[in-house]
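User: Please take a close look at one part of this model and tell me how that part sits in the whole. Start with the overall layout, then go in.

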Amino acid sequence: MLPAIIACEIGFWVLLLAGLTARYPLRAKTLSAVLLVCVPLVDVVLLALSVIDLRGGGQASTAHGLAAIYIGVSVAFGGQMVRWADQRFAHRFAGGPAPVRPPRHGREHAAHERRQWLRHLLAYVVAVAVMGLFTVLVGDYERVAPMWGPMGVWGIVVVIDFLISFSYTVAPRRARS
């Protein structure tokens, strides 16, 4: 399962870079559109591989948990990563404006941090939902218990991220003089 996760991560970036290369330096808009539409299909492939493995009697492992986490992070942050890369390609190859940096201080920074935390929470919730699906498909909690291992640590990270992100609401970061 771990090789599938690595292959899907590589596939995500290869398709994204190929799509943006087709869009900007090559100016092949149709090819670009096709490649960029394929980017989220990587998640579908990973989900399908995981389901096939588990339904085929495979022992659920931490790797299956990582697959669910990958899917959750991709759902929550994938669009943001695509926009991030698109801004840089547009600036570098198409004379687009310089990439917009996130706010560094004040209420805008606090709002940005809260939105990022909400994305983080969404990633966690999606990963839990995917693991729940895996658990239902397998039908035996004992067999899938190892898959749930990373969620405890990640849950703690989500809480710490909440405390940090929302602390900027209470005490906004100030601009340096």
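Analyst: From the N terminus on, the chain runs α-α-α-α-α-α-α. That is seven helices and zero strands. The model is predicted. Its C-alpha trace spans about 55 × 50 × 20 Å along the principal axes. The chain has 177 residues, and 36% of them are buried. Take the contacts between residues at least 6 apart in sequence: 74% of these join residues at least 24 apart.

The part to examine is helix 7. Helix 7 covers 149–170. It has 22 residues. From first C-alpha to last it reaches 33 Å, close to the 32 Å expected at 1.5 Å a residue.

Which residues of helix 7 are buried? They are Pro150, Met151, Trp154, Gly155, Val158, Ser165 and Tyr168. Seen down the helix axis, these buried residues fall within an arc of 140 degrees, so they line one face of helix 7. The face turned away from that buried side carries exposed residues: Val153, Ile156, Leu163 and Val170. Each of these four has a relative accessible area over 50%.

What covers the buried residues of helix 7? The cover includes helix 4 and helix 5. Two residues show the packing in detail.

Take Met151 on the buried list of helix 7. Leaving out residues up to four places away in sequence, Met151 touches Ile69, Tyr124, Ala127, Val128 and Met131. Ile69 lies within the 62–94 range of helix 4. Tyr124, Ala127, Val128 and Met131 lie within 106–138, the range of helix 5.

Now look from the other side, at His120. His120 is found in helix 5. At 12% relative accessibility, His120 counts as buried, because the cut-off is under 20%. With residues up to four places away not counted, His120 touches Phe77, Trp154, Val157, Val158 and Asp161. Two of these partners, Trp154 and Val158, are among the buried residues of helix 7.

Helix 7 also feeds the largest nonpolar core. That core has 38 residues. Those with the most contacts inside the core are Leu16, Leu20, Leu46, Tyr70, Met151 and Trp154. At least two core residues come from each of helix 1 (2–23), helix 3 (41–55), helix 4, helix 5 and helix 7. The largest share, eleven residues, comes from helix 4. In soluble globular proteins, nonpolar side chains tend to be buried together.

Helix 4 and helix 5, part of the cover over helix 7, also meet at the largest pocket. About 350 Å³ of space lies in this pocket. It is lined by 13 residues, and the closest to the pocket centre are Gln80, Trp84, Val100, Pro102 and His112. Helix 4 and helix 5 are the elements that give two or more residues to the lining. Helix 4 gives the most, with six residues.

One last link ties the start of the chain to helix 4. Leu2 is found in helix 1. At 42% relative accessibility, Leu2 counts as partly exposed. Its neighbours within four places in sequence aside, Leu2 is in contact with Ala63 and Leu66. The C-alpha atoms of Leu2 and His64 are separated by 8.1 Å, although these residues are 62 apart along the chain.

In brief, the buried residues of helix 7 line one face, and helix 4 and helix 5 are among what covers them.

Key. Residues are numbered from 1 along each chain as its sequence is written. This is a predicted model: local features need pLDDT of at least 70, side-chain atom pairs count only at pLDDT 80 or more; totals for chains, interfaces and linings use all residues. Side-chain values use heavy atoms; hydrogens and water are left out. A nonpolar core is a set of buried Ala, Val, Leu, Ile, Met, Phe, Trp, Tyr and Cys residues joined through side-chain atoms within 4.5 Å. Buried means under 20% relative accessible area, exposed over 50%, partly exposed in between (1.4 Å probe, protein chains only). Contact means heavy atoms within 4.5 Å. The expected span of a helix is 1.5 Å times one less than its number of residues. The arc is that of the directions from the helix axis to the C-beta atoms. On a 1 Å grid over the protein atoms alone, a cavity is a set of points where a 1.4 Å probe fits but cannot get out, and a pocket is an open set with protein on both sides within 12 Å along at least five of seven lines; lining residues have an atom within 4 Å of a point. Grid points are joined across faces, edges and corners, and a volume is the space filled by probe spheres set on the points.
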